[in-house]
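Visitor: I am new to this structure. Please take one part of it and look at it closely, after a short word on the chain it belongs to.

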Amino acid sequence: MLKFKLATPERLVLEAEIDSVSIPTQMGQITVLPNHLPLVANLEPGELIIRRNGREEYLAVSGGVAQVNPGSQVMILADSAERAEEIDVARAEAARERAAVLQLEAKDDRKFADTAAQLAKHLARLRVARRRHPPHHTPGPVPED
Amino acid sequence: MATSKEIRRRIKSVRSTRQITKAMQLVSAVKMRSAQRTALASRTYAKLSWALLQQLAQVTPEHLHPLLTNRTKVAKEAVVVITANRGLAGSFNAALIEHVAAYLRGRVAAGVACDIILLGKRGRALVTRYGFSVVAEYERLDSYTDMAQTLPIARQAIKDFLEKRYDQVTLAYTEFYNTLKQEPLTVTLLPTKVSALKAAMERTVGALGTGQEPEHIFEPTPQLVLDALLPRCIEMQVYQATLESSASEHSARMVAMKNATDAANDLISDLTLSYNQLRQAGITRELTEISAGRLALEK
(Lines give C-alpha, C1' and ligand atoms only; values in the text may rest on other atoms or scores of the structure.)
Protein backbone atom coordinates (compact mmCIF):
# COMPACT_ATOMS: atom_id res chain seq x y z
CA MET A 1 0.00 0.00 0.00
CA LEU A 2 1.12 3.55 -0.72
CA LYS A 3 0.38 6.41 1.65
CA PHE A 4 -0.74 9.05 -0.80
CA LYS A 5 -1.25 12.78 -0.34
CA LEU A 6 -2.28 15.25 -3.01
CA ALA A 7 -2.29 18.91 -2.03
CA THR A 8 -2.94 22.14 -3.91
CA PRO A 9 -2.39 25.61 -2.42
CA GLU A 10 -6.12 25.82 -1.69
CA ARG A 11 -6.81 22.46 -0.12
CA LEU A 12 -5.77 18.91 0.60
CA VAL A 13 -7.39 17.17 -2.36
CA LEU A 14 -6.83 13.56 -1.37
CA GLU A 15 -5.21 11.63 1.45
CA ALA A 16 -5.63 7.90 1.11
CA GLU A 17 -4.04 4.46 0.97
CA ILE A 18 -3.69 3.41 -2.65
CA ASP A 19 -2.11 0.57 -4.63
CA SER A 20 -0.14 2.57 -7.17
CA VAL A 21 -0.05 5.94 -8.89
CA SER A 22 1.10 7.11 -12.31
CA ILE A 23 2.56 10.60 -12.28
CA PRO A 24 3.25 12.84 -15.30
CA THR A 25 6.79 14.21 -14.71
CA GLN A 26 9.08 16.27 -16.88
CA MET A 27 11.13 13.13 -17.53
CA GLY A 28 8.09 11.20 -18.72
CA GLN A 29 5.28 9.36 -17.00
CA ILE A 30 6.36 7.27 -14.02
CA THR A 31 4.39 4.72 -12.04
CA VAL A 32 5.11 4.53 -8.33
CA LEU A 33 4.60 1.21 -6.55
CA PRO A 34 5.25 0.48 -2.87
CA ASN A 35 8.93 0.57 -1.81
CA HIS A 36 9.91 3.00 -4.54
CA LEU A 37 13.28 4.76 -4.19
CA PRO A 38 13.15 8.25 -2.60
CA LEU A 39 12.55 10.64 -5.46
CA VAL A 40 11.68 14.28 -6.11
CA ALA A 41 10.43 15.15 -9.59
CA ASN A 42 8.92 18.15 -11.34
CA LEU A 43 5.41 17.67 -12.67
CA GLU A 44 4.18 18.31 -16.17
CA PRO A 45 0.56 19.16 -16.92
CA GLY A 46 -1.06 15.81 -17.51
CA GLU A 47 -3.18 13.09 -16.02
CA LEU A 48 -2.55 11.51 -12.68
CA ILE A 49 -3.82 7.94 -12.44
CA ILE A 50 -4.57 6.53 -9.01
CA ARG A 51 -5.23 2.81 -8.66
CA ARG A 52 -7.02 1.48 -5.62
CA ASN A 53 -9.41 -1.41 -4.97
CA GLY A 54 -8.99 -2.54 -8.58
CA ARG A 55 -10.32 0.77 -9.95
CA GLU A 56 -8.57 3.61 -11.69
CA GLU A 57 -9.22 7.26 -10.84
CA TYR A 58 -8.15 10.07 -13.11
CA LEU A 59 -7.17 13.57 -12.10
CA ALA A 60 -5.92 16.44 -14.23
CA VAL A 61 -2.91 18.17 -12.69
CA SER A 62 -0.98 21.19 -13.89
CA GLY A 63 2.61 21.83 -12.82
CA GLY A 64 4.08 21.15 -9.40
CA VAL A 65 6.40 18.79 -7.58
CA ALA A 66 6.07 15.13 -6.63
CA GLN A 67 7.96 13.56 -3.77
CA VAL A 68 8.39 9.89 -2.92
CA ASN A 69 9.65 9.23 0.60
CA PRO A 70 10.82 6.02 2.22
CA GLY A 71 8.03 4.03 3.84
CA SER A 72 5.98 4.11 0.63
CA GLN A 73 4.85 7.69 1.08
CA VAL A 74 3.94 9.74 -1.95
CA MET A 75 3.23 13.45 -1.76
CA ILE A 76 2.19 15.58 -4.68
CA LEU A 77 2.19 19.35 -4.57
CA ALA A 78 0.19 20.41 -7.61
CA ASP A 79 -0.76 23.90 -8.74
CA SER A 80 -4.21 22.54 -9.47
CA ALA A 81 -5.87 19.15 -9.39
CA GLU A 82 -9.31 18.30 -10.68
CA ARG A 83 -11.17 15.02 -10.77
CA ALA A 84 -12.70 13.89 -14.04
CA GLU A 85 -16.20 14.50 -12.64
CA GLU A 86 -15.36 18.10 -11.78
CA ILE A 87 -14.36 19.09 -15.31
CA ASP A 88 -16.97 20.53 -17.64
CA VAL A 89 -16.05 19.21 -21.09
CA ALA A 90 -17.63 22.07 -23.05
CA ARG A 91 -15.89 24.72 -20.98
CA ALA A 92 -12.58 22.85 -21.07
CA GLU A 93 -12.86 22.67 -24.86
CA ALA A 94 -13.53 26.42 -25.04
CA ALA A 95 -10.55 27.10 -22.78
CA ARG A 96 -8.34 24.93 -24.96
CA GLU A 97 -9.40 26.83 -28.07
CA ARG A 98 -8.67 30.15 -26.38
CA ALA A 99 -5.23 28.87 -25.34
CA ALA A 100 -4.50 27.70 -28.91
CA VAL A 101 -5.41 31.14 -30.29
CA LEU A 102 -3.25 32.86 -27.66
CA GLN A 103 -0.32 30.66 -28.58
CA LEU A 104 -0.55 31.67 -32.22
CA GLU A 105 -0.58 35.33 -31.18
CA ALA A 106 2.46 34.98 -28.89
CA LYS A 107 5.14 37.46 -29.93
CA ASP A 108 8.31 36.39 -28.11
CA ASP A 109 9.73 33.10 -26.90
CA ARG A 110 8.75 33.69 -23.30
CA LYS A 111 5.11 34.39 -24.17
CA PHE A 112 5.14 31.36 -26.41
CA ALA A 113 6.42 29.12 -23.62
CA ASP A 114 3.78 30.51 -21.21
CA THR A 115 0.96 29.92 -23.67
CA ALA A 116 2.29 26.49 -24.58
CA ALA A 117 2.18 25.53 -20.90
CA GLN A 118 -1.40 26.81 -20.68
CA LEU A 119 -2.35 24.80 -23.74
CA ALA A 120 -0.75 21.65 -22.31
CA LYS A 121 -2.74 22.16 -19.11
CA HIS A 122 -6.04 22.46 -20.98
CA LEU A 123 -5.25 19.45 -23.17
CA ALA A 124 -4.58 17.39 -20.05
CA ARG A 125 -7.89 18.50 -18.53
CA LEU A 126 -9.74 17.55 -21.68
CA ARG A 127 -8.06 14.17 -21.82
CA VAL A 128 -9.08 13.45 -18.24
CA ALA A 129 -12.62 14.74 -18.78
CA ARG A 130 -13.03 12.48 -21.83
CA ARG A 131 -12.16 9.47 -19.72
CA ARG A 132 -15.59 9.90 -18.29
CA HIS A 133 -17.29 10.44 -21.65
CA PRO A 134 -15.59 8.09 -24.12
CA PRO A 135 -15.80 9.65 -27.61
CA HIS A 136 -17.57 6.65 -29.21
CA HIS A 137 -20.37 6.84 -26.68
CA THR A 138 -22.84 9.69 -26.99
CA PRO A 139 -24.80 10.32 -23.81
CA GLY A 140 -28.44 10.99 -24.53
CA PRO A 141 -31.94 9.64 -23.90
CA VAL A 142 -32.21 5.86 -24.23
CA PRO A 143 -34.75 4.76 -26.90
CA GLU A 144 -37.76 3.24 -25.26
CA ASP A 145 -38.39 0.15 -27.41
CA MET B 1 -31.73 67.72 33.22
CA ALA B 2 -32.96 66.23 29.94
CA THR B 3 -36.68 66.08 29.36
CA SER B 4 -38.32 62.69 29.08
CA LYS B 5 -38.95 63.30 25.41
CA GLU B 6 -35.23 63.80 24.79
CA ILE B 7 -34.36 60.64 26.67
CA ARG B 8 -36.90 58.67 24.66
CA ARG B 9 -35.36 59.95 21.47
CA ARG B 10 -31.86 58.94 22.62
CA ILE B 11 -33.00 55.43 23.57
CA LYS B 12 -34.47 55.04 20.12
CA SER B 13 -31.28 56.14 18.39
CA VAL B 14 -29.06 53.89 20.53
CA ARG B 15 -31.41 50.98 19.77
CA SER B 16 -31.03 51.41 16.03
CA THR B 17 -27.25 51.68 16.39
CA ARG B 18 -27.30 48.46 18.36
CA GLN B 19 -29.25 46.78 15.59
CA ILE B 20 -26.54 47.71 13.09
CA THR B 21 -23.61 46.65 15.25
CA LYS B 22 -25.34 43.40 16.09
CA ALA B 23 -25.86 42.65 12.39
CA MET B 24 -22.23 43.47 11.60
CA GLN B 25 -21.11 41.23 14.43
CA LEU B 26 -23.06 38.28 13.03
CA VAL B 27 -21.84 38.86 9.48
CA SER B 28 -18.22 39.11 10.65
CA ALA B 29 -18.58 35.90 12.65
CA VAL B 30 -19.62 34.01 9.53
CA LYS B 31 -16.86 35.58 7.42
CA MET B 32 -14.32 34.89 10.14
CA ARG B 33 -15.19 31.22 10.20
CA SER B 34 -14.86 30.84 6.45
CA ALA B 35 -11.59 32.80 6.42
CA GLN B 36 -10.19 30.58 9.14
CA ARG B 37 -11.27 27.48 7.26
CA THR B 38 -9.52 28.59 4.04
CA ALA B 39 -6.38 29.43 5.99
CA LEU B 40 -6.39 25.95 7.51
CA ALA B 41 -7.06 24.18 4.20
CA SER B 42 -3.95 25.59 2.57
CA ARG B 43 -1.63 24.64 5.39
CA THR B 44 -0.88 21.11 4.15
CA TYR B 45 0.60 22.49 0.97
CA ALA B 46 2.55 25.12 2.87
CA LYS B 47 3.96 22.55 5.24
CA LEU B 48 4.93 20.02 2.57
CA SER B 49 6.44 22.60 0.23
CA TRP B 50 8.49 24.07 3.05
CA ALA B 51 9.85 20.67 4.10
CA LEU B 52 10.86 19.98 0.52
CA LEU B 53 12.52 23.36 0.15
CA GLN B 54 14.58 22.79 3.25
CA GLN B 55 15.75 19.47 1.87
CA LEU B 56 16.68 21.08 -1.42
CA ALA B 57 18.58 23.86 0.30
CA GLN B 58 20.85 21.22 1.79
CA VAL B 59 21.80 19.73 -1.58
CA THR B 60 22.02 22.91 -3.64
CA PRO B 61 24.36 25.75 -2.61
CA GLU B 62 22.21 28.72 -1.58
CA HIS B 63 24.22 31.31 -3.47
CA LEU B 64 23.44 29.61 -6.78
CA HIS B 65 19.82 30.68 -6.92
CA PRO B 66 19.10 34.37 -7.53
CA LEU B 67 15.95 34.30 -5.38
CA LEU B 68 17.98 33.04 -2.43
CA THR B 69 20.88 35.46 -2.76
CA ASN B 70 21.26 38.38 -0.41
CA ARG B 71 22.26 41.59 -2.17
CA THR B 72 25.36 43.15 -0.68
CA LYS B 73 23.84 46.62 -0.66
CA VAL B 74 20.10 47.15 -0.28
CA ALA B 75 19.34 50.49 -1.91
CA LYS B 76 15.70 50.07 -2.83
CA GLU B 77 13.04 48.08 -1.06
CA ALA B 78 9.42 47.32 -1.82
CA VAL B 79 6.98 46.86 1.06
CA VAL B 80 3.74 45.04 0.31
CA VAL B 81 1.15 46.21 2.85
CA ILE B 82 -1.97 44.10 3.31
CA THR B 83 -4.79 46.00 5.04
CA ALA B 84 -8.58 45.87 4.96
CA ASN B 85 -10.86 47.74 2.60
CA ARG B 86 -13.11 48.92 5.40
CA GLY B 87 -12.79 50.27 8.89
CA LEU B 88 -14.92 49.57 11.97
CA ALA B 89 -12.59 46.74 12.92
CA GLY B 90 -11.18 48.06 16.15
CA SER B 91 -7.46 48.78 15.97
CA PHE B 92 -6.91 46.34 13.08
CA ASN B 93 -5.93 48.86 10.41
CA ALA B 94 -4.46 51.50 12.71
CA ALA B 95 -2.16 49.00 14.42
CA LEU B 96 -0.78 47.70 11.12
CA ILE B 97 -0.31 51.18 9.66
CA GLU B 98 1.49 52.35 12.81
CA HIS B 99 3.71 49.28 12.63
CA VAL B 100 4.52 49.80 8.94
CA ALA B 101 5.19 53.51 9.44
CA ALA B 102 7.65 52.72 12.25
CA TYR B 103 9.33 50.09 10.08
CA LEU B 104 9.56 52.47 7.11
CA ARG B 105 11.05 55.26 9.25
CA GLY B 106 13.72 52.80 10.39
CA ARG B 107 14.53 51.78 6.82
CA VAL B 108 14.64 55.36 5.54
CA ALA B 109 16.99 56.26 8.41
CA ALA B 110 19.20 53.37 7.28
CA GLY B 111 19.41 54.94 3.81
CA VAL B 112 17.02 52.61 1.98
CA ALA B 113 14.54 54.08 -0.49
CA CYS B 114 11.17 52.39 0.14
CA ASP B 115 8.26 51.96 -2.23
CA ILE B 116 4.88 50.81 -0.95
CA ILE B 117 2.64 48.35 -2.73
CA LEU B 118 -0.87 48.35 -1.30
CA LEU B 119 -3.48 45.66 -1.00
CA GLY B 120 -6.55 47.14 0.66
CA LYS B 121 -7.89 50.69 0.65
CA ARG B 122 -7.13 51.48 4.28
CA GLY B 123 -3.41 51.43 3.57
CA ARG B 124 -3.81 54.78 1.81
CA ALA B 125 -3.41 56.41 5.21
CA LEU B 126 0.32 55.76 4.76
CA VAL B 127 0.28 58.38 2.00
CA THR B 128 -2.24 60.83 3.40
CA ARG B 129 -1.11 60.75 7.00
CA TYR B 130 2.57 59.80 6.81
CA GLY B 131 3.54 60.93 3.31
CA PHE B 132 5.24 57.74 2.06
CA SER B 133 5.21 56.96 -1.65
CA VAL B 134 2.88 54.29 -3.02
CA VAL B 135 3.83 52.81 -6.40
CA ALA B 136 1.02 50.31 -6.89
CA GLU B 137 -2.32 49.39 -5.42
CA TYR B 138 -3.97 46.04 -5.93
CA GLU B 139 -7.67 45.60 -5.45
CA ARG B 140 -8.43 43.75 -2.27
CA LEU B 141 -11.15 41.14 -2.71
CA ASP B 142 -13.78 40.37 -0.09
CA SER B 143 -12.64 36.80 0.29
CA TYR B 144 -9.73 34.74 -0.95
CA THR B 145 -10.31 31.13 -1.93
CA ASP B 146 -7.91 30.58 -4.80
CA MET B 147 -4.19 31.22 -5.09
CA ALA B 148 -4.73 32.67 -8.57
CA GLN B 149 -6.22 35.70 -6.78
CA THR B 150 -2.89 36.69 -5.23
CA LEU B 151 -0.63 35.35 -7.98
CA PRO B 152 -0.16 38.70 -9.78
CA ILE B 153 1.23 40.29 -6.60
CA ALA B 154 3.79 37.52 -6.03
CA ARG B 155 4.75 37.29 -9.71
CA GLN B 156 5.30 41.04 -9.99
CA ALA B 157 7.41 41.04 -6.82
CA ILE B 158 9.59 38.21 -8.13
CA LYS B 159 9.97 39.93 -11.49
CA ASP B 160 10.91 43.29 -9.98
CA PHE B 161 13.38 41.58 -7.68
CA LEU B 162 15.07 39.61 -10.45
CA GLU B 163 15.26 42.71 -12.67
CA LYS B 164 17.01 44.47 -9.78
CA ARG B 165 14.34 47.13 -9.50
CA TYR B 166 14.26 46.23 -5.82
CA ASP B 167 16.94 44.64 -3.67
CA GLN B 168 14.51 43.41 -1.08
CA VAL B 169 10.77 42.81 -0.88
CA THR B 170 9.02 42.88 2.48
CA LEU B 171 5.54 41.71 3.35
CA ALA B 172 3.53 43.55 6.05
CA TYR B 173 0.30 42.00 7.26
CA THR B 174 -1.60 41.05 10.38
CA GLU B 175 -0.87 37.57 11.68
CA PHE B 176 -3.85 35.66 13.01
CA TYR B 177 -3.33 33.78 16.27
CA ASN B 178 -6.87 33.48 17.56
CA THR B 179 -10.10 35.43 17.67
CA LEU B 180 -8.82 37.75 20.38
CA LYS B 181 -5.19 38.03 19.33
CA GLN B 182 -3.83 39.37 16.06
CA GLU B 183 -0.46 41.01 15.56
CA PRO B 184 0.98 43.24 12.85
CA LEU B 185 4.08 41.72 11.32
CA THR B 186 6.76 42.44 8.71
CA VAL B 187 8.58 39.54 7.05
CA THR B 188 11.19 39.47 4.29
CA LEU B 189 9.67 37.87 1.21
CA LEU B 190 12.65 38.25 -1.13
CA PRO B 191 15.43 37.18 -1.07
CA THR B 192 14.03 34.00 0.47
CA LYS B 193 15.88 32.92 3.53
CA VAL B 194 15.25 29.30 4.34
CA SER B 195 15.58 30.02 8.06
CA ALA B 196 13.10 32.91 7.87
CA LEU B 197 10.69 30.80 5.86
CA LYS B 198 10.89 28.13 8.51
CA ALA B 199 9.99 30.68 11.19
CA ALA B 200 7.09 31.97 9.06
CA MET B 201 5.74 28.49 8.47
CA GLU B 202 6.11 27.47 12.08
CA ARG B 203 4.15 30.50 13.21
CA THR B 204 1.20 29.44 11.09
CA VAL B 205 1.54 25.68 10.77
CA GLY B 206 3.12 24.69 14.06
CA ALA B 207 6.36 22.83 14.70
CA LEU B 208 7.98 21.17 11.72
CA GLY B 209 10.50 18.37 11.34
CA THR B 210 14.24 18.97 11.13
CA GLY B 211 14.35 18.19 7.42
CA GLN B 212 16.91 15.45 8.01
CA GLU B 213 15.57 13.24 5.25
CA PRO B 214 17.38 10.49 3.36
CA GLU B 215 18.97 11.31 0.03
CA HIS B 216 16.47 11.69 -2.78
CA ILE B 217 16.96 11.32 -6.48
CA PHE B 218 16.09 14.63 -8.10
CA GLU B 219 14.54 14.63 -11.52
CA PRO B 220 15.60 16.34 -13.73
CA THR B 221 18.22 17.98 -11.40
CA PRO B 222 18.11 19.53 -7.90
CA GLN B 223 18.63 22.92 -9.52
CA LEU B 224 15.61 22.54 -11.80
CA VAL B 225 13.42 21.23 -9.00
CA LEU B 226 14.44 24.25 -6.93
CA ASP B 227 13.59 26.51 -9.88
CA ALA B 228 10.11 25.03 -9.94
CA LEU B 229 9.55 24.94 -6.20
CA LEU B 230 10.95 28.26 -5.01
CA PRO B 231 8.55 30.58 -6.87
CA ARG B 232 5.68 28.42 -5.64
CA CYS B 233 6.85 28.79 -2.05
CA ILE B 234 6.99 32.55 -2.45
CA GLU B 235 3.56 32.69 -4.09
CA MET B 236 2.25 30.52 -1.30
CA GLN B 237 3.66 32.89 1.31
CA VAL B 238 1.83 35.84 -0.22
CA TYR B 239 -1.39 33.82 -0.45
CA GLN B 240 -1.07 32.67 3.15
CA ALA B 241 -0.44 36.26 4.28
CA THR B 242 -3.69 37.45 2.65
CA LEU B 243 -5.59 34.60 4.28
CA GLU B 244 -4.10 35.48 7.67
CA SER B 245 -4.98 39.10 7.12
CA SER B 246 -8.60 38.26 6.20
CA ALA B 247 -9.01 36.03 9.23
CA SER B 248 -7.56 38.76 11.46
CA GLU B 249 -9.73 41.47 9.93
CA HIS B 250 -12.98 39.61 10.41
CA SER B 251 -12.07 38.53 13.94
CA ALA B 252 -11.10 42.08 14.88
CA ARG B 253 -14.33 43.43 13.43
CA MET B 254 -16.42 40.83 15.19
CA VAL B 255 -14.87 41.65 18.55
CA ALA B 256 -15.18 45.40 17.96
CA MET B 257 -18.84 45.05 17.01
CA LYS B 258 -19.54 42.82 19.98
CA ASN B 259 -18.06 45.48 22.27
CA ALA B 260 -20.18 48.12 20.56
CA THR B 261 -23.32 46.03 21.00
CA ASP B 262 -22.54 45.50 24.69
CA ALA B 263 -21.90 49.21 25.18
CA ALA B 264 -25.20 50.01 23.48
CA ASN B 265 -27.00 47.60 25.83
CA ASP B 266 -25.46 49.32 28.88
CA LEU B 267 -26.38 52.73 27.55
CA ILE B 268 -29.94 51.67 26.90
CA SER B 269 -30.42 50.34 30.43
CA ASP B 270 -28.91 53.53 31.93
CA LEU B 271 -31.16 55.70 29.81
CA THR B 272 -34.22 53.59 30.60
CA LEU B 273 -33.49 53.96 34.31
CA SER B 274 -33.24 57.73 34.18
CA TYR B 275 -36.31 57.89 31.93
CA ASN B 276 -38.34 55.90 34.48
CA GLN B 277 -37.06 58.00 37.36
CA LEU B 278 -38.09 61.12 35.52
CA ARG B 279 -41.53 59.66 34.74
CA GLN B 280 -41.97 58.62 38.40
CA ALA B 281 -40.98 62.09 39.58
CA GLY B 282 -43.52 63.58 37.17
CA ILE B 283 -46.32 61.36 38.46
CA THR B 284 -45.50 62.14 42.11
CA ARG B 285 -45.44 65.85 41.35
CA GLU B 286 -48.82 65.74 39.62
CA LEU B 287 -50.36 63.76 42.50
CA THR B 288 -49.14 66.32 45.05
CA GLU B 289 -50.53 69.11 42.91
CA ILE B 290 -53.95 67.44 42.63
CA SER B 291 -54.22 66.72 46.36
CA ALA B 292 -53.01 70.25 47.15
CA GLY B 293 -55.71 71.63 44.84
CA ARG B 294 -58.38 69.50 46.46
CA LEU B 295 -57.32 70.61 49.96
CA ALA B 296 -57.51 74.22 48.84
CA LEU B 297 -61.08 73.72 47.52
CA GLU B 298 -62.31 71.97 50.71
CA LYS B 299 -61.34 74.92 52.89
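Guide: From the N terminus on, chain A runs β-β-β-β-β-β-β-β-β-β-α-α. That makes ten strands and two helices. The model is a predicted one.

A few values for the whole of chain A give the setting. Its C-alpha atoms fill a box of roughly 60 × 45 × 25 Å along the principal axes. Of the 145 residues in chain A, 45% are buried. Chain A exposes about 8,000 Å², and carbon and sulfur atoms supply 52% of that area. Among contacts in chain A between residues at least 6 apart in sequence, 52% join residues at least 24 apart. Chain A carries 19 positive and 21 negative charges, and the mean positions of the two sets lie 3 Å apart.

The part to look at closely is strand E6 of chain A, residues 46-52. Five of the seven residues in E6(A) are buried, so the strand counts as mostly covered, with buried meaning under 20% relative accessible area.

E6(A) pairs with strand E3 of chain A, residues 20-25, in the antiparallel sense, over three bridges. One residue pair can be named here: Val21(A) has Ile50(A) of E6(A) as its bridge partner.

E6(A) also pairs with strand E7 of chain A, residues 55-61. Seven bridges join E6(A) and E7(A), and these strands run antiparallel as well. Within this pairing, Ile49(A) stands opposite Tyr58(A) of E7(A). E6(A) and E7(A) form a hairpin with two residues between the strands. In that hairpin Asn53(A) takes a positive phi, near 50°.

For a helix to set beside this strand, turn to H5 of chain B, residues 151-162. At 1.5 Å a residue its twelve residues should span 16 Å, and the end C-alpha atoms are 16 Å apart, which agrees. The buried residues of H5(B) are Leu151(B), Ile153(B), Ala154(B), Ala157(B), Ile158(B), Asp160(B) and Phe161(B). Their cover includes helix H7 (222-298) of chain B, along with strands of that chain, among them E1 (76-82), E2 (113-119) and E3 (134-138). After H5(B) comes Lys164(B), with a positive phi near 60°.

To return to E6(A): the strand has antiparallel pairing with E3(A) and with E7(A), and five of its seven residues are buried.

Conventions. Residues numbered from 1 in each chain as written. Chains lettered and ligands numbered in written order. Predicted model: local features only at pLDDT ≥ 70, side-chain atom pairs only at ≥ 80, totals over all residues. Heavy atoms only, no water. Helix = DSSP H or I, 4+ residues; strand = E, 2+ residues; numbered from the N terminus. Buried < 20%, exposed > 50% of the residue type's maximum accessible area, 1.4 Å probe, protein only. Contact = heavy atoms within 4.5 Å. Areas by Shrake-Rupley, 256 points an atom, 1.4 Å probe, with all protein chains shown as cover. Lys, Arg positive; Asp, Glu negative; His and termini not counted. Charge placed at Lys NZ, Arg CZ, Asp CG, Glu CD. Expected span 1.5 Å × (residues − 1). Pairing = 2+ DSSP bridges.
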